[in-house]
Amino acid sequence: MSKATRATKALEQAGVAFAVLAYDYDPDAAKIGMQAAEALGEPPGRVLKTLMALVDGKPVCVIVPSDREVSMKKLAAAFGAKSAQMMKPADAERITGYKVGGISPFGQMKPPRVAIEEQAMKHDLVTMNGGQRGLQIRLRPQDAASVLKAIVAPLVA
């Protein structure tokens, strides 16, 4: 497994401190983020999952703790929009340039607007997908929000 991905390169270019963590990815896991948390021995609230959604028909990236679900109503409100829905996996892969299970908010082909769940900001360090299955990046949530120019808002149900 390569530890250099578009995501790690984007963080290096931004001058952000981060650590790369590898784990055994289980393609059959019911919840990929929860499987990553368990494999890394991290509390699920500190392992953030990256989801792709459509807000008023436009792609957005949503980052929430792996043990929580996104509220579509709160997601739409965070972007000042009327509606939100999850993106189909094939569309998410085409738009991000990453495979499902390896979608990182960093280094996407055409960076979308990003929202991060406000609860994630209370942690000193969080992990996010590093751009391939079985690869996580540990960093300060404030650094992630800054690099991604993310909206920090309540997003979970």
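**Entry 1: the open sheet**

I began with Ala-19, which stands opposite Arg-138 in β7. This is a predicted model, and I read every entry below with that in mind. Around that pair I found that β1 and strand β7 (residues 135-139) run antiparallel and are joined by four bridges. I then looked up the sheet to which they belong, and noted an open sheet of three strands in the order β1-β7-β6, with antiparallel pairing. Its edge strands are β1 (19-22) and β6 (126-129), each of which pairs on one side only. From one strand to the next I read an average twist of 35°. As background I wrote down that strands of a sheet pair through backbone hydrogen bonds, either parallel or antiparallel.

**Entry 2: β3 and its partners**

I turned next to β3 and asked how many of its eight residues are buried. Six of them are, so β3 is largely enclosed by the rest of the structure; for this I took buried to mean under 20% relative accessible area.

I followed β3 to its partners, and noted that β2 runs antiparallel to β3 with eight bridges joining the two, Ala-53 standing opposite Val-60 in β3. The hairpin of β2 and β3 has two residues between the strands, and there I found Asp-56 with a positive phi near 50°. With strand β5 (residues 113-117), by contrast, β3 runs parallel, and four bridges join them. Here I recorded Ala-115 in β5 as the bridge partner of Val-62.

**Entry 3: the largest pocket**

I looked up the largest pocket and read a volume of about 610 Å³. It is lined by 28 residues, and those closest to its centre are Ile-32, Lys-49, Thr-50, Leu-51 and Val-100. Which elements each supply at least two residues of this lining? I listed α2 (32-40), β2 (48-55) and α4 (89-96), and noted that the largest share, five residues, comes from β2, the strand that also forms the hairpin with β3. Sorted by class, the lining of this pocket has 17 nonpolar, seven polar and four charged residues.

**Entry 4: the second largest pocket**

For the second largest pocket I read about 210 Å³ of space. Of the 13 residues that line it, Lys-58, Pro-59, Val-60, Pro-112 and Arg-113 lie nearest its centre; I had already met Val-60 as the residue opposite Ala-53. Strand β3 (residues 58-65) gives the largest share of this lining, three residues. By class I entered eight nonpolar residues, one polar and four charged.

Technical notes. Residues numbered from 1 in each chain as written. Predicted model: local features only at pLDDT ≥ 70, side-chain atom pairs only at ≥ 80, totals over all residues. Heavy atoms only, no water. 1 Å grid on protein atoms, 1.4 Å probe; cavity = no way out; pocket = protein on both sides within 12 Å on 5 of 7 lines; lining within 4 Å. Points joined across faces, edges and corners; volume = space filled by probe spheres on them. Nonpolar A, V, L, I, M, F, W, Y, C, P; charged D, E, K, R; others polar. Pairing = 2+ DSSP bridges. Axes fitted to C-alpha atoms, helices over the stretch in contact; angles between N-to-C directions. Buried < 20%, exposed > 50% of the residue type's maximum accessible area, 1.4 Å probe, protein only.
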